[in-house]
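Dear colleague,

Please find below the structure that I am handing over to you. A short account of what was found in it follows.

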Amino acid sequence: MTVIEKAYAKINYYLEISGRRADGYHELETVMQTVSLADTLTVTRVAGEGITLETGAALPADDKNLVVRAANAYFAASGAPFGCHAVLEKRIPIEAGLGGGSADAAAMLRALNRLDKGRFSAAELAEIAVKIGADVPFLIVGGTALCRGVGEVMTPIESTLHAPIVVAKMGEGVSTPAAFGALDSHFDNFIDFRSDHTPVPLLAGLQAGDGEAVAASIFNRFEAVVADARPAVGALLDFLCRAGALAAAMSGSGPSVFGIFRDAAAAEAATAALSAMGADAFACTPTEAISL
Ligand code: C5P
């Protein structure tokens with residue numbers, strides 16, 4: 001039996017850091033949205049036990065790959081490992097702030113659960129997922145969500161915003177731990193950030209499908225530290241705004257940026273122009289939550 005899962009990338013409409021925990025992880029408040037830019041994971045049940053992974057791209061196929069870690073975590077939780085062969089087709093840029101590796105891990109957990117006749121509930125899968133990465137629980141279901149804690153405490157949001165979104169990345173990737181480290185040196189333990197950071201106008205804008213209200217509230221705390229080191233980030237943000245985006249921001253720990261557009265034709269034209277400039281650029285749309 002074979003199952004095919006799309007691994008949707010995410011963007012962050014909003015990302016604020018509210019504190020640093022004793023274990024070094026950061027408490028954050030973020031509004032995440034999955035978009036139609038996706039990898040494809042094809043998983044076939046085979047004889048034997050454990051996972052083999054095939055990746056076309058220059059990616060590790062051992063347990064450095066989150067897909068393999070996800071499979072190992074799944075089998076450890078089920079106590080009933082079976083054999084599977086996974087083929088990963090990559091489209092999401094890596095180390096880009098788009099959650100690509102986490103999306104692949106989430107797709108693997110969904111695929112194994114389907115091959116395993118729905119052994120785990122969505123909540124149980126989320127518990128396995130958080131051990132692999134802070135944004136993996138969100139990427140199992142996707143859609144729109146307000147996420148707190150280290151990213152794993154999720155409140156689904158009923159977004160009616162279907163605006164075209166252009167995602168673009170230029171230059172080398174950014175390591176997430178390094179970006180958090182840069183925030184630590186820059187913001188002196190986040191003492192200024194202790195209050196309630198819920199982005200109420202943004203959430204209302206998403207619920208009302210009001211692109212202008214959303215555009216007025218998008219924010220990413222990482223932008224301040226990553227954009228300094230990466231001039232391409234500022235250049236892409238400027239380009240998106242000149243090309244008609246209502247607003248643009250960096251996604252996650254960067255260096256990808258996204259712009260929210262009013263109409264698809266402008267989004268397509270901006271994507272073509274960005275590709276001609278040498279960026280990895282994708283015209284996409286928000287995707288809805290998956291029901292497991
Ligand atoms: O959870 P994930 O593996 O994606 O995180 C990668 C790294 O980013 C962690 O090892 C940690 O250094 C940092 N991180 C953090 N606070 C978070 C999420 C990640 O400091 N909420």
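In this predicted model, helix α9 (residues 231-242) and helix α10 (residues 264-276) have axes that come within 10 Å of each other and cross at roughly 145°. The crossing of α9 and α10 is right-handed. On the α9 side, the residues involved are L236, F239 and L240, and they meet A270, A273 and L274 of α10. Sorted by character, the residues of this contact between α9 and α10 comprise six nonpolar, no polar and no charged.

A second point concerns a single residue, S217. This serine belongs to helix α7, which covers residues 211-217. S217 counts as buried because its relative accessible area is 17%, and the limit for that term is under 20%. The side chain of S217 reaches the backbone oxygen of A213 at a distance of 3.0 Å. When neighbours within four places in sequence are left aside, the residues in contact with S217 are Y13, Y14, P201 and L202.

Lastly, the domains may be described. The domain assignment of the protein gives domain 1, spanning 2-156, and domain 2, spanning 165-284. Between the C-alpha centres of domain 1 and domain 2 there is a distance of 22 Å. To the contact, domain 1 gives 28 residues and domain 2 gives 38 residues.

When you view the model, I suggest starting with the crossing of α9 and α10, then turning to S217 in α7, and ending with domain 1 and domain 2.

With kind regards

Key
Residues numbered from 1 in each chain as written. Predicted model: local features only at pLDDT ≥ 70, side-chain atom pairs only at ≥ 80, totals over all residues. Heavy atoms only, no water. Axes fitted to C-alpha atoms, helices over the stretch in contact; angles between N-to-C directions. Helix = DSSP H or I, 4+ residues; strand = E, 2+ residues; numbered from the N terminus. Left-handed = near helix turned anticlockwise from the far one by under 90°. Contact = heavy atoms within 4.5 Å. Nonpolar A, V, L, I, M, F, W, Y, C, P; charged D, E, K, R; others polar. Buried < 20%, exposed > 50% of the residue type's maximum accessible area, 1.4 Å probe, protein only. Polar contact = N/O pair within 3.5 Å; in protein donor to acceptor, adjacent residues only side chain to side chain. Domains from an automatic or database assignment.
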